[in-house]
Amino acid sequence: MNIASDRARLPRQIPYIIGNEGCERFSFYGMRNILTPFLITSLLLYLPESERPGAAKDVFHSFVIGVYFFPLLGGWLADRFFGKYSTVLWMSLVYCLGHLCLALFEHHRGGFFLGLGLIALGAGGIKPLVASFVGDQFDQSNKHLAKLVFDAFYWIINFGSFFASLLMPIFLRQFGAAVAFGIPGALMFVATVVFWSGRRQYVMLPPAPPDRDAFSRVIRTALLAHAPGQARPGLWVAVAGVAVAGAAFVLLPQLGFVVVACLALVALIGGVGGGAWLQLERARGVHPDAAVDGARNVLRVLVIFALTTPFFSLFDQKASTWVLQGNEMRMPSWFQSAQMQALNPLLVMLLIPFNNLVLYPLLRRRGWEPTALRRMTAGIAFSGLAWIVVGALQVMMDGGTPLSILWQILPYMLLTMGEVLVSATGLEFAYSQAPASMKGVVMSFWNLTTTVGNLWVLLANAAVRNEAVTGAIAGTGLGLVAFQMFFFAAFALAAALAFGLYARRYREVDNYRA
């Protein structure tokens, strides 16, 4: 290691950001992990009992879609207008207001759903920015420390999540929804104050000025440019994507606004991005080679992101599908199935240091480098294995075998290993691959993978309401829930294979500031 690296020190402002993230994650997971049980036992009592679990899953996954959609807005505002610090601060206040609505409107659906919307806006608005704000505090002299800090950043997320998952179900049962949703709101206010307290020490990179060679302009040039004697297949692919996005709204009465809007967004991104890829070389000469190469790299990163979406469709269902399965298992009277979610962050806090101190050095000594993309490939596969196990448990329960909720420990262990390998790795990977002018937006696209993952869940839930689909599933001899579990397992394993094949041809870049 060179002299500059030897003398490099951890930036002293990092503890403010880490402290903010710990409180904010307690706040978010505190309300998120009790949302499904609260909806079933309180807010959705007007529905027939058999319909409440499905309706609760729809509300939960729609909320998560919103949380991971609004990073697009937050990233754009920060990169173009206000900078990361100001955007995070103001969105945090919106976030606090959303928590206040949850605490005040526990018996009022309109007010409660307004609170969920404000939390989705606030949490989503800051989500891509806090992680990239961490990266901004480093430069080439100490970037080797950034990899450790991103792991510490993910560790503190799970520190907050562990105590929230363990305690909030107890507060919900003992003190009611107003207290159970009010405590996370108080923690979010503390998070905002902690973040504000470090304002004099942060490295605050200004928003990118208007740039004629910006990513969006390179894409537009590539799509619209004429090449003598050549057709424009990329433009027609982009037009087709726009047309499919518009046509998706025909399904509005059947699927609802959230699902249709997400389908339209996927079609739009896929059409425009795919079309631009086909014609990107036409932008050379109009834009510098560096801008064109940067745009191509962003498009390649988006393919990586797209292949991770099946992982998130599996991961987020631990707070819905797995909780509902746990409700049918044997457990002590003082325990609630939602508390099993505390096992996930506890395992993360153990696995991150174990991987960094034991597993990865061991693999390197054996001649196998655990690169970011190799780790993410393995992580997606681990999530598929977790769902094979949880599906097998469901088959046993459907056959009349009573099971203890302790059986869920094994799938939680497999899913958590997958989370550490995908989510913790993906944070640093997304930041390092993003050009300087697109840090916030690329991190927003990373968060959008969770939106698309939850879209797959809502589509699967909509499919099983169709009599033809349920009839076909009945012909397999599996119960409806068990079939869905094995379906998602196969979905993830197929994605892991595709991810691994694509990753072999991907060449990583280094976009830390000089």
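User: Which residues of α9 meet α12, and what makes that a contact?

Analyst: On the α9 side you have I219, A222 and L223, and they meet V272, G275, A276 and Q279 in α12. Contact means heavy atoms within 4.5 Å, so that is the test behind the pairing. Bear in mind that this is a predicted model, where local features need pLDDT of at least 70 and side-chain atom pairs count only at pLDDT 80 or more, while totals for chains, interfaces and linings use all residues. Residues are numbered from 1 along each chain as its sequence is written, and side-chain values use heavy atoms, leaving out hydrogens and water.

User: What makes G275 of α12 polar?

Analyst: The classes put Ala, Val, Leu, Ile, Met, Phe, Trp, Tyr, Cys and Pro as nonpolar, Asp, Glu, Lys and Arg as charged, and the others, Gly among them, as polar. G275 is a Gly, so it goes in the polar group. The full tally for α9 with α12 is five nonpolar, two polar and no charged residues.

User: Why are α9 and α12 called roughly perpendicular?

Analyst: The axes of α9 (residues 215–224) and α12 come within 8 Å and cross at roughly 70°. An axis is a line fitted to C-alpha atoms, for helices over the stretch in contact, and angles run from 0 to 180 degrees between N-to-C directions. Under 35 degrees is roughly parallel, over 145 roughly antiparallel, 65 to 115 roughly perpendicular, and the rest oblique. Roughly 70° falls in the 65 to 115 range, so α9 and α12 are roughly perpendicular. Their crossing is left-handed (near helix turned anticlockwise from the far one by less than a right angle; clockwise would be right-handed).

User: Why are α12 and α13 called oblique?

Analyst: α12 (residues 257–279) and α13 (residues 289–315) pack at about 135°, with axes 11 Å apart. That angle is in none of the named ranges, so the pair is oblique. α12 passes α13 in a left-handed crossing. The contact is made by G273, A276 and W277 of α12 with R296, L299 and R300 of α13, and by class that is three nonpolar, one polar and two charged residues.

User: What makes α3 oblique to α4?

Analyst: α3 (residues 35–43) and α4 have axes that come within 9 Å and cross at roughly 140°. Antiparallel would need over 145, so α3 is oblique to α4. α3 passes α4 in a right-handed crossing. L35, T36, L39 and I40 of α3 make the contact with R52, P53, A56, V59, F60 and F63 of α4. The classes come out at eight nonpolar, one polar and one charged.

User: What makes a space a cavity, and how many of 30 Å³ or more are there?

Analyst: On a 1 Å grid over the protein atoms alone, a cavity is a set of points where a 1.4 Å probe fits but cannot get out, and lining residues have an atom within 4 Å of a point. Three cavities of 30 Å³ or more meet that. The largest holds about 390 Å³, a volume being the space filled by probe spheres set on the points. Its lining has 25 residues, with R25, Y68, K127, Y154 and N447 nearest the centre. α6 gives the most, six residues. The lining splits into 15 nonpolar, three polar and seven charged.

User: Which residues line the second largest cavity?

Analyst: D151, I352, N355, N356, Y360, R375, V420, A424 and T425 line it, around about 50 Å³ of space. α15 has the largest share, with four residues.

User: What makes a space a pocket, and which residues lie nearest the centre of the largest one?

Analyst: A pocket is an open set with protein on both sides within 12 Å along at least five of seven lines. In the largest, with about 640 Å³ of space, P53, G54, K57, L324 and V481 lie nearest the centre of a 21-residue lining. α4 (52–69), α14 (321–327) and α20 (480–503) each give two or more residues; helices here are DSSP runs of H or I, at least four residues, numbered from the N terminus. The lining divides into seven nonpolar, eight polar and six charged.
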